[in-house]
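This report is meant for a reader who meets the structure for the first time. It begins with an internal space, and then turns to the open pocket, the aromatic rings and one residue of a strand.

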Amino acid sequence: MGESLRIGSQLFINKDDTEEAVRAWVRSMQEHGLTVIRLFMIWEQVEPRAGEWQFGSYDACLDEASICGLKVVPTLMSVSPPGWMKLTDGPQSVSDLDDPAYQTKARGYVEKIAQRYGNHPALDSWILWNEPTRYITKSKFAMEAYARYIRENFDTIEAYNQISYTQYESFEALAADDDEGSQLNAQPFQSFAERLSWSRFSVYNMNQQLAWIRDVIRENGSSHEVHINPHNLGAEMQGGGQSIWQQSEVVDFLGCSAHPMWHSLRFPEKRWGQSVAFFADLMKSATRHPDGKFWVTELQGGLTLYSAGQAYTPSKEVIREWIWEGLGSGAKAVVFWCFNARNSGYEAGEWALLNPWGGSSPRLEAVKEAAGVIAEHQPLFDLSRSEAAHVMVLYSEASWALGAVEGTGHDPGNPRNVNMYADALAGAYLMFSDLSAEVIFINEDRLVHEGIPEAIQVFVLPNTIVLGLAEIEVLRAYVSRGGLLIADGLIGMKDRNGKLDPATMLEASQLLGAQFKDIVTDGESFSITGLHGSEWPGWFYRLPLEPLGSAEVWGRFTDGSAAMVKEECGSGGQVIRIGTNFFQHYFAKPDVRLLSLLQEHAGKRIDGTVRLANSHADLRMRTLEHPEGVILIIMNKGLETTANLSFAVAGQLKSLTKTGEASVLRVQASETLPWQIAQEDVTVLFFQQQGPRR
C-alpha cells in the first residue's frame, strides 16, 4: 500500500491568538477534509524574552490535531531571531548564520523545539527552513566561510587567482577581504568567474546550514522525516543559495512553494495552474526519497491585495485546478498557505482559505470537494504514483547561473533577460505539457553519474550554452541506443565561468549533426520553412547551420541557409538541431506552429496507454499509474469542450469526480472516446485496463 494522498494547510498562529481559537481552527480543518497542518514555530513567539519559553498555543495545536487525527509539520525558524536580540528587522529576516555566537543561540532554539515535539503523536515531519534563501553579504564570518570553501575546491591560492580578477597572497588574505554589507552584484565588466564562484559558494553554504539544523533534530531524538520548500523555481536561484539538486541530498524529501502571485507572473494568466505543475515536476525530478515522495508544501490559498506581485483572488475553479495540477504531478501532499490569515503586519487579512470573518469560502469549498474525492477513492489513490515520463529535459545549473550574470532585466519578452535559460527550460516543459506528455528533469551532475533512464524516448537540450564533454558522451550513447535528442540555440558555447569553449562547441556540433557558421541577430521577425512546406517563426537570432556527416536539412531560413537539421543515428536514434531560440520563444510567445513541429518529430514517442488526442494549452491531461490501469486528470481552461480520449488497450472507464455517477463505460483497443468537460473544470477518471500494463 502506498503512502496516502493528503491535502493540508498552514495554520498561522498569531501572537494574540488564544489556545481555544487555535483548537477551533484545527477542528474546522478536520471538518473540511484537511489532514495536514503546517505550523511556523515562530521564535519570537515561543521565546518572547531571553530564556522565557511559551508554548501554550503550539501545544494546543498539536494536542488538538492528535485528537482530530490530523498530522502536524512544524517549520523551524532558527535562521530568524526574535526581536529582542536586535539582529534583524523582522520576524522572518535572516541573521548572519556564519557567526558562531549566533549559531549557538539558534542551536538552543532547535533543541528546545525538537525535545518538546520530537515524539508527539501528531508530528508528521519537519521543515528545516521556510523557503530557504539567503543572499550572503561579505561579512567577516561569511568571508572566512568563503575562504574555507575556496580552499576545499582549489589546491592552491594561485589556482584560485587564475580565475579571479582580484589577486590574493594566501587563503588567509582572502578570508580577511570583507567589505561589510556589500555583495558581488551585477556591474558592467565585473569578473564573471568571481561572481559565479560566489554563487556556487552560496549554494554550498546553504547546504551546510540546512545540514546542521537537520543534525540537531536527529541528535535530540527525532527520527521523523525532514524536508524543505524551495521557492521561485522558475528563476535562477543559485545566487540566493538554492539548488534543488544539491538540497535534495540534505533532506529526506523535497517540497516546494507554488504561489502564482509570487512565482508565476512570468507565465500568462491561463498558465498559472500549469506553472504549479511545472514546480511540482521539478520537485519530482530532484527528490531523493526512495519512493519518489515530494510535496507541494505551500500553495496560494486566498487573496493577495498588497503582499504579492499582483492583487488577485483565486476562484473556486482556480483553486480546484491548482490542487489537481499538484496531485496530477504525483505529489503526495498539497498544503495551502494559509487556512486563516495573519491579523497584523505584512499579509494581514490575505492568503486565507477562510473568508475575512473566519467562515467558509468558495476556495475552501473547492478544497473540501477535492479532499472528498480523495477520501472516497482512497485505496485507488494510495496505490497510484506519477506516470513514468518519456521526456527528459536538461536543467543546466551552469547555464542558469551564467545567464544571471550575462542577462539584463527580467522581462520574458526580452530574449537576453537574466532568466533566459530558465525560460528556455520552462518553454520546453510547456510544449510537452501542452501535448499532455509527462516530463522530468535532470541536472548535469546526475546526467553524468546516473545516465538517462531506459524509459526516456525524448531528451531536450533547451539552449544549453554550458555543456561539458562528459555530458556529451552520455548523450551520444543515448542516441546510439535509439533515443531522440532535440537541441536549440548555442549548445556548449561556453564553460561554467563564461569562457568561450571551442573544443566543446565542436564536440557538441558533431553530436548534433550540424555546426553553426555564424550568429545573426534579427531585429525583425523571421521565419523557417520546413521540408514539407510548413512554416514556423524564429526568434532573436539565426544560426545558419552546416550539416555534418549524414545529417539532412529539414528547414531553411528565408535566405536559403539551413535552419534545422535531422540525423538518423544508431538503432533508431535521431538528433534534431534547431538553429534559433526555439524553446525560450515558446515560453515568451507561444505559437501553435512551434508546437506542431514538436508533435511531428516527437509525437509517436510520447504516447501512453491513454492519449488525449486533442491536447492543447487549454485542454491537458495528467496521468497517475495504478497497478490495474491509470488515473486520468483532465484540465479544461476554456469553455465547455470535448476531450477525445484514445485508448491503446481495452478496458473500462469510470468517473471519480462526478458524485452519484457509478456507470462504467467499456472501451475497446484503438477506440477514441469523447468525454464532455464543463467550462473551467477538472475531470478525474479511472481507466482499468484489460490484460497486463503496457
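The largest cavity is lined by Asp281, Tyr429, Ser433, Ser436, Ala437, Glu438, Arg620, Met621 and Arg622, as found in a model that is predicted. Two elements, helix 16 (420–434) and strand 25 (619–626), give two or more residues each to this lining, and strand 25 gives the most, with three residues. By character, the residues of the lining divide into three nonpolar, two polar and four charged. The volume of this largest cavity is about 60 Å³, and a search of the whole structure finds seven cavities of 30 Å³ or more.

The largest pocket is a separate topic. About 1100 Å³ of space lies in the largest pocket, and 41 residues line it, with Gln92, Asn130, Arg342, Tyr346 and Glu347 lying nearest its centre. Helix 2 (43–46) and helix 10 each supply at least two residues of that lining, whose residues divide into 15 nonpolar, 17 polar and nine charged. The two linings can be set side by side in a small table.

| Lining | Volume | Nonpolar residues | Polar residues | Charged residues |
|---|---|---|---|---|
| Largest cavity | about 60 Å³ | three | two | four |
| Largest pocket | about 1100 Å³ | 15 | 17 | nine |

The aromatic rings come next. How many aromatic pairs does a search of the whole structure find? The search finds 33 such pairs. One of them joins Trp53 and Phe55, whose rings are stacked, with 6.0 Å from centre to centre and 5 degrees between the planes. Are the two partners of this pair buried or exposed, or something in between? Trp53 has a relative accessible area of 25%, and it therefore counts as partly exposed, whereas Phe55 counts as buried because its relative accessibility is 6%, and the cut-off for buried is under 20%.

Another pair, formed by Phe267 and Phe279, is edge-to-face, with 6.5 Å from centre to centre and 90 degrees between the planes. This pair links distant parts of the chain, since Phe267 is in the loop between helix 10 (260–263) and helix 11 (272–286) while Phe279 is in helix 11, and the two are 12 residues apart. Both Phe267 and Phe279 are buried. Helix 10, which precedes the loop that holds Phe267, is also one of the elements that supply at least two residues to the lining of the largest pocket.

Ring pairs also build a cluster, in which Tyr146, Tyr149, Phe154, Tyr160, Tyr168, Trp198, Phe201 and Tyr204 are linked. Charged side chains meet aromatic rings as well: Arg542 lies over the face of Phe557, at 5.7 Å from the ring centre, and the charged end of Lys566 sits over the ring of Trp554, 4.6 Å from its centre.

The last residue to be considered is Gln676, which is found in strand 30 (residues 672–677). At 41% relative accessibility, Gln676 counts as partly exposed, because that class lies between the limits of 20% and 50%. Which residues is Gln676 in contact with, leaving aside its neighbours within four places in sequence? Its contacts are Glu640, Thr641, Thr642 and Lys658. With His390, by comparison, Gln676 has a separation of 286 residues in sequence and of 27 Å in space, taken from C-alpha to C-alpha.

Note on methods. Residues numbered from 1 in each chain as written. Predicted model: local features only at pLDDT ≥ 70, side-chain atom pairs only at ≥ 80, totals over all residues. Heavy atoms only, no water. Phe/Tyr/Trp six-rings, centres within 6.5 Å; stacked < 30°, edge-to-face > 60°. Buried < 20%, exposed > 50% of the residue type's maximum accessible area, 1.4 Å probe, protein only. Helix = DSSP H or I, 4+ residues; strand = E, 2+ residues; numbered from the N terminus. Lys NZ or Arg CZ within 6 Å of the ring centre and 35° of its normal. 1 Å grid on protein atoms, 1.4 Å probe; cavity = no way out; pocket = protein on both sides within 12 Å on 5 of 7 lines; lining within 4 Å. Points joined across faces, edges and corners; volume = space filled by probe spheres on them. Nonpolar A, V, L, I, M, F, W, Y, C, P; charged D, E, K, R; others polar. Contact = heavy atoms within 4.5 Å.
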